[in-house]
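Visitor: I have just opened this entry and would like a walk through it. Could we start with the surface and then go inward?

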Amino acid sequence: MRKGVRQTVAGFVIRPERPYSLVAAHISVKATRHGNFTTAGGGIREGETIEAAMRRELKEEYGIDADNILVLEHPPFICTDNGKQYHWCRVLCNGASELIPQESEVAQADWWSTCPVTLTTLINRMSPYKANMFAQVFLQVLDREPALFGCFPKELELAVSRFREQIAA
């Protein structure tokens with residue numbers, strides 16, 4: 001890990017369901033005036049692994065117990081912005097249907113469907129930088145594990161192609 005750069009973990013939290021999986025997102029207390037959604041995450045503590053940091057942040061921000069999640073290898077998607085280096089994790093969540101937000105940090109937490117209309121709405125409610133990172137991680141997860149998202153109707157294929165175009169621009 002790079003010295004002098006704050007190491008941060010961020011999670012693409014998936015709850016596999018049909019016909020569309022769900023992803024977790026929230027509005028932080030700091031960002032309520034902006035209304036921007038973001039994903040679970042935070043700083044990696046000294047001596048803490050990426051997986052341990054992700055598990056801790058999910059418990060702190062959403063109330064999800066470690067027994068209900070599987071942190072998959074984090075994808076090779078690491079980006080640096082404003083002195084922070086983000087390590088994105090793919091997280092499978094089973095058995096935790098209710099998100100219990102940490103009131104000091106999270107103003108509102110919801111599960112969002114990965115159906116194209118809903119996912120586009122979520123991305124449009126993120127800051128441009130977070131939306132770009134989220135879309136890139138979504139595409140990586142989609143490329144690696146398409147079965148997580150069930151069948152892909154034409155509209156999902158169109159949404160994915162739009163995400164790819166936005167990222168390329």
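Guide: The chain exposes about 8500 Å², and carbon and sulfur atoms supply 52% of that area. Accessible areas come from the Shrake-Rupley method with a 1.4 Å probe, and for residues only the protein chains shown count as cover.

Visitor: What kind of model is this?
Guide: This is a predicted model, in which local features need pLDDT of at least 70 and side-chain atom pairs count only at pLDDT 80 or more, while totals for chains, interfaces and linings use all residues. Residues are numbered from 1 along each chain as its sequence is written, and side-chain values use heavy atoms, with hydrogens and water left out.

Visitor: How much of the chain is buried?
Guide: Of the 169 residues in the chain, 50% are buried. Buried means under 20% relative accessible area, exposed means over 50%, and partly exposed lies in between, with a 1.4 Å probe and protein chains only.

Visitor: And how many helices and strands are there?
Guide: There are four helices and eight strands, in the sequence pattern β-β-β-β-α-β-β-β-β-α-α-α. Helices (H or I, at least four residues) and strands (E, at least two) are DSSP runs, numbered from the N terminus.

Visitor: Where does strand 1 sit, enclosed or not?
Guide: Nine of the 10 residues of strand 1 (residues 6–15) are buried, so this strand is largely enclosed by the rest of the structure.

Visitor: Which strands does strand 1 pair with?
Guide: Strand 1 runs parallel to strand 7 (residues 84–93), joined by nine bridges, and V13 stands opposite V91 there. With strand 4 (residues 41–43) the pairing is antiparallel, over three bridges, and T8 faces G43. Strand 2 (residues 22–28) is also antiparallel to strand 1, with two bridges, and L22 is the bridge partner of R15. Two strands pair if DSSP finds at least two bridges between them.

Visitor: R15 again, then. Which ring does R15 lie over?
Guide: R15 lies over the face of W111, at 4.8 Å from the ring centre. A charge sits over a ring if NZ of Lys or CZ of Arg is within 6 Å of the ring centre and within 35 degrees of the ring normal.

Visitor: Back to strand 4. What is G41 in contact with?
Guide: Leaving aside neighbours within four places in sequence, G41 is in contact with V9, A10, M54, E57 and E61, where contact means heavy atoms within 4.5 Å. G41 and A10 are 31 residues apart in sequence, yet 4.1 Å apart in space, C-alpha to C-alpha. G41 has 17% relative accessibility and therefore counts as buried.

Visitor: Changing topic: how many aromatic pairs are there?
Guide: The count comes to two aromatic pairs. Rings of Phe, Tyr and Trp (its six-membered ring) pair if their centres lie within 6.5 Å; planes under 30 degrees apart count as stacked, over 60 as edge-to-face and the rest as tilted. The rings of F12 and F134 have centres 5.2 Å apart and planes at 40°, so this pair is tilted. F12 lies in strand 1 and F134 in helix 3, so the pair ties together parts that are 122 residues apart in sequence.

Visitor: What about F37 and W112?
Guide: Their ring centres are 5.1 Å apart and their planes are at 80°, so F37 and W112 form an edge-to-face pair. Both F37 and W112 are buried.

Visitor: Finally, which residues of helix 3 are buried?
Guide: Among them are K130, A131, M133 and F134.
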